[in-house]
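Visitor: I should like a close look at a single part of this model, namely the interface between its chains. Please describe how that contact is built, and then set it beside the contact between domains.

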Amino acid sequence: MELSAFDIIGPIMIGPSSSHTAGAVRLGLLSRAILNQEPTEARIYLHGSFAETYRGHGTNLALVAGLMGLATDDERIPEALQLARARGLEVSFQSIDLGDVHPNSVKIELRGKAGRRVVVTGSSVGGGKILITNIDDFAVELSGDYHTVIVIHLDQPGVVAQITTLLAAAQVNIAQMRLSRQKRGALALTVLETDQEVQATVLDLIRAMPAVNLAMTAKPLV
Amino acid sequence: MAKGPTVVELLTQAQVEGLSLGQIVLKHQAAQLEVTEQDLRQKMLANLQVMRNSVAEGLTGKRRSMSGMVGGDAKLLEQRRQGGQTLGGDVLARVAARALAVAEVNAGMGKIVAAPTAGSCGVLPAVLLTVGEEIGADDAQLVEALFTAAGIGIVIAAQASISGAQGGCQAEVGSAACMAAVAAVELAGGTAELAVHAGAMALKTLLGLVCDPVAGLVEVPCVKRNVTGAVNALIAADMALAGITSNIPLDEVIIAMGNIGRAMPCSLKETALGGLAVTPTALRLKEVFLGAGQD
């Protein structure tokens with residue numbers, strides 16, 4: 001995709017670093033969308049350059065701000081930890097070695113208000129761009145640049161066809177799609193990045209499929 | 001030449017259509033993003049407003065960085081300027097103080113516009129707002145100048161890099177200075193051709209600049225290198241407006257910058273493993289500011 005003028009002059013953001021601050025906010029935002037509930041607990045594991053420099057870049061503040069739904073230009077980012085306390089979001093930070101991954105990577109264990117738990121791993125890959133690489137041990141590639149549908153379903157024939165048929169009927173065009181599974185015949189996770197927003201009514205139809213355990217949508221990150 | 005947009009393509013289109021570089025970029029972007037030029041101008045105006053606010057906030061000198069290493073310098077220079085004491089004259093001091101101001105706001109977790117990056121965010125506002133004042137430009141002209149800068153930045157990102165991790169500081173502050181010089185010439189009423197010469201001169205003088213941040217933070221030497229980029233852009237613009245040309249065309253300077261970036265060792269590309277980052281003082285500062293409470 002050719003760059004836009006606003007990729008060069010922009011984004012409007014809270015400093016100091018597009019990768020370590022703005023990108024971290026976006027990782028938090030997308031993790032929040034994947035949890036699909038108000039988070040109440042976040043165990044945050046910082047890898048590489050994130051672990052080395054998070055204090056000076058406010059990476060920790062930025063991640064927590066994103067988890068609470070604050071945008072990259074929200075001036076409350078520096079006070080994110082106090083805000084989290086006030087909102088009942090418990091956070092902890094630790095260093096971790098995630099192995100051969102991007103130096104700006106983080107693993108976040110989240111628990112939501114309604115009890116859902118999810119483990120998300122992702123990287124800030126430069127200029128505020130991010131990539132979620134793992135959700136609950138499913139390998140994924142999720143940029144947050146598109147409308148996104150995430151479906152956890154039984155690994156059986158026809159599920160993807162049914163989902164894409166529902167999207168086609170709703171005139172939703174798929175930009176990227178990826179399916180991964182933990183093992184054959186168990187659970188699978190499908191990520192669809194789409195050009196149009198998937199309406200709640202369509203999401204409900206996906207959720208109503210017998211093979212589907214969980215389905216959620218996320219809007220493109222700004 | 002590598003594929004992707006080039007400066008000479010922009011320049012040719014501008015000359016054929018009798019438009020400025022900024023107007024050509026605006027026209028392209030409107031077509032690419034399927035929106036009106038008016039919508040794009042409106043969106044860029046929001047960036048301009050944030051740039052203005054970050055200058056104003058930075059000059060108050062209230063914000064300090066997370067580590068405490070930087071903050072308050074813009075105010076010191078501004079006071080000296082207001083006292084009429086500067087060696088370099090008022091305009092130069094205004095540009096320098098503003099570049100410091102915005103870069104300090106960034107280091108202190110304030111709101112800025114990445115241009116092209118957060119680390120180099122002081123250059124464009126310092127140059128364009130000051131040149132704008134000098135020539136009495138209105139917001140519409142400043143917005144157009146930001147599109148000029150964006151167009152050059154798009155070429156640099158495609159043909160070389162705007163990331164310190166990939167190309168060193170020349171890719172961040174060097175690119176910002178190049179973009180600012182081109183935009184400043186157009187803002188001042190110079191032709192697109194002269195503007196491109198200014199960009200080439202601004203980038204040439206910053207080739208080879210490494211990214212060696214103390215403790216890996218966007219603070220030292222980043223904040224002051226924004227001043228270098230801004231002042232350099234202003235002088236390059238003046239040289240071009242005087243009719244001085246670059247012997248090497250901007251497209252080739254950009255390719256050279258990319259090649260130099262690739263040849264640069266990793267220790268000098270944002271890893272804090274070389275250059276200023278490993279001086280005894282830098283290591284001591286790192287210990288003082290970040291050592292305490294490290295997990």
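Guide: The contact takes 32 residues from chain A and 43 residues from chain B, where contact means heavy atoms within 4.5 Å. This is a predicted model, in which local features need pLDDT of at least 70 and side-chain atom pairs count only at pLDDT 80 or more, while totals for chains, interfaces and linings use all residues. Residues are numbered from 1 along each chain as its sequence is written, chains are lettered from A and ligands numbered from 1 in the order in which they are written, and side-chain values use heavy atoms, with hydrogens and water left out.

Between chain A and chain B about 2,900 Å² is buried, and carbon and sulfur atoms give 62% of that area; buried area is the accessible area (1.4 Å probe) that two parts lose on being put together, summed over both. Of the area that chain A buries against chain B, 24% is supplied by Phe6(A), Ile8(A) and Ile9(A), more than by any other three residues.

As to polar interactions, one salt bridge is found across the interface of chain A and chain B, a salt bridge being a side-chain nitrogen of Lys or Arg within 4 Å of a carboxyl oxygen of Asp or Glu. Its partners are the side chains of Lys111(B) and Glu75(A), at 3.9 Å from N to O. Eight residue pairs between chain A and chain B, both residues at pLDDT 80 or more, are in polar contact, that is, a pair of N or O atoms within 3.5 Å; within protein, one must be able to donate a hydrogen and the other to accept it, and residues adjacent in sequence count only if both atoms are side-chain atoms.

On the side of chain A that touches chain B, α1 (5-8), β1 (12-14), α2 (18-35) and α3 (48-57) each supply at least two residues; helices (H or I, at least four residues) and strands (E, at least two) are DSSP runs, numbered from the N terminus. The most comes from α3(A), with seven residues. β1(A) also pairs with strand β1 (residues 111-113) of chain B, in the antiparallel sense and over three bridges, pairing requiring at least two DSSP bridges between two strands. There, Ile12(A) has Val113(B) as its bridge partner.

Turning to the domains, chain A is divided into domain 1 (5-136) and domain 2 (147-218), with bounds from an automatic or database domain assignment. Their contact takes seven residues from domain 1 of chain A and eight from domain 2 of chain A. The area buried between these domains is about 570 Å², and zero salt bridges are found across their interface.
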